Every structure is written in C-alpha cells, then in structure tokens.
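Me: I would like to go through this structure by asking what justifies each term used for it. Could you set the values against the cut-offs as we go?

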Amino acid sequence: MKCEEAQEFITALVDNQVSDEERSLVESHLKDCQRCRFSYEQEQALKREIGAAGARLHAPVELRSKILSDRRIFPDSERSSGTWTERIFPAWPFPRPALALALAVVLILPILYFTRTPSEPISLAALEIQKKIIGGEVSVRKASNPDELRKWQIRAVNGEFAPMEYDLSSMNMLPAGGAGEEINGRKMLVTYYTGKGLSVTCFTFLGTEEDAPKSVTVFFDNAKRITFYTFSKDGFNAVLHRKGNVICILVSKIPMDELLAIVRAQARPS
Ligand SMILES: [Zn+2]
C-alpha cells in the first residue's frame, strides 16, 4: 500500500470503519511508515480531544431538553437513528465521521472557549453571581413565601440537598427570591434575602472546605466547633462554612464582622 492510499484509510481506521482486509493493509503500512503513523496518531489524539471536550461541556438541563425536543432540529423520524453527526448534518457530504468531527471541532471550539466558566474556585464564582444578581444579569425567581421557594429549590437539585436557611428577620430581611446556577458542572442554590436597603445572598452547594478560595481568613469557633472562612472581593464580604457535605457561603456588602456574627449565631455543627 502506498502513502496516498494509507492516508485515505487513516480516518476510517480511527473511526473503526474499515474491513478486516483494509485494516491489516493499513496497519502493515503504518508499521513501516513513520510519516503515516504520525498522522494516524494525530487523528487519534484529535478524536480523544473532541471526546474530552464533549465530556467537559455541560449544557444547562433546560437548554438541552429544549434542543432535543425541537422538531426542527431533530425530527421524530431521525431522533433514534444514525450518529449525532448524521443527525446534525443529514446531508453531510463526507462519508467519514472523523472528517465531520474535525470540521465540527473547528465550529464548536470557539464557542466552548467563550462559554466555559473560568476554572476559578466555585466560591469566587459565587461572588460573581452576586454581582450579576444585583446588576439584574441573573434572574431571580421571586418567592411568594419562603416555604414555596425552598420547595422549588430542593426540586431544582432533584432533592440532592437543601438550601441553608437563615432567619434574618431581626435585620428586617426576608428571602425575596432564589435561583439555581451551575458552575463547572456543579449545582448551586442561591437564596436572596433583602430588606431595609440591605441584601444578603446565601449560596449552598455540595462540597468541602477545599472549595474556599486560596486566600482566606480562617476563624475557628471553639464553642460550636465550626471553622469559618472569610474572604472579600470587589466590595463584597463572604463567610464560608461547611455543614455535613454542604457548603454555605453568605455574601453581602455589610461589614465582615457583622456578617460573621450572623453566620456564627445561626450555624449548627454538622
Ligand atoms: Zn506512508
């Protein structure tokens, strides 16, 4: 087999779409030809890259079900047959899925690049969400009463955990709304308390103390046997603590000592 022929079969080989006879011909060529072996290894690496990129990409559940249920994108007749490249590119001119994938990766990667959440600690991402809530960029589900909000939040995470609750009524603050966010593939519940011109946001998610930012002030409450981690960014103060497998971060513009006092007063050891 000549190099030109081998090159034609390499993509098919990566996709496992060759006959036994073709496979043995290509493989024996690859054994002897460094140049073709190199392009075969590159194709394999590309395919792995695409697979890994797909695994890292988490579309929000709602968006995913919207796309999958949209008949303009996936008509019923096509929903259960063919590969995803055939479904997305029904008139795809290339018979080789790896070629389709190579082109898809050119189209998809720039989007991935822009939509991937920067891999900062989840706790710092919470501060960003706080800014977005105040700026109106993240819509908060309004609560007619705290119970209804809490039930909705627990449903939003399939009952995996419940939002940490605070009684801020002594500061004239009540839960005004909530949101569910997904950061680096992790679900986070957001409860927004407000009143008298003040606001406090509570972020709850499954995690460990490892989720605290690198630079924190650690405060150990000896009476409660709870460690609190405090940090600030862009004018917001935050107090993080763990209860069982749940991490809670309270974020506000109120002074750090007051915020810490609120969390200390209401935190229960796990
Ligand atoms: Zn060759």
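Reply: What follows takes up the metal site and then the sheet with its helices, bearing in mind that this is a predicted model.

Me: What makes the arrangement around the zinc ion tetrahedral?

Reply: The 4 donor atoms subtend angles of 100 to 115 degrees, and four donors count as tetrahedral if all angles lie between 85 and 135 degrees, so the arrangement around the zinc ion is tetrahedral.

Me: Which residues coordinate the zinc ion, and how are they spaced in sequence?

Reply: The zinc ion is coordinated by SG of Cys3, NE2 of His29, SG of Cys33 and SG of Cys36, at 2.1 to 2.3 Å, and the spacing of these donor residues in sequence reads C-x25-H-x3-C-x2-C.

Me: Why does His29 count as buried, and what is the relative accessible area of Cys36?

Reply: Buried means under 20% relative accessible area; His29 has 11% and therefore counts as buried, and Cys36, with 0%, is buried by that cut-off too.

Me: What makes strand 1 and strand 5 edge strands?

Reply: The 8 strands form an open sheet in the order 1-2-3-4-8-7-6-5, with antiparallel pairing, and strand 1 (141-142) and strand 5 (217-221) each pair on one side only, as edge strands.

Me: How do you know that strand 4 and strand 8 pair?

Reply: Two strands pair if at least two bridges are found between them, and 7 bridges join strand 4 (residues 198-206) to strand 8 (residues 246-252), so the two antiparallel strands pair; within this ladder, Thr201 stands opposite Val251 in strand 8.

Me: Which strands does helix 9 touch?

Reply: Helix 9 (residues 146-156) packs on the sheet and touches strand 1, strand 2 and strand 3, its direction making about 10 degrees with that of strand 2.

Notes. Residues numbered from 1 in each chain as written. Predicted model: local features only at pLDDT ≥ 70, side-chain atom pairs only at ≥ 80, totals over all residues. Heavy atoms only, no water. Donors = N, O, S within 2.8 Å, 3.2 Å for Na, K, Ca; no water. Tetrahedral: all angles 85-135°; square planar, octahedral: opposite > 155°, others 65-115°. Buried < 20%, exposed > 50% of the residue type's maximum accessible area, 1.4 Å probe, protein only. Helix = DSSP H or I, 4+ residues; strand = E, 2+ residues; numbered from the N terminus. Contact = heavy atoms within 4.5 Å. Axes fitted to C-alpha atoms, helices over the stretch in contact; angles between N-to-C directions.
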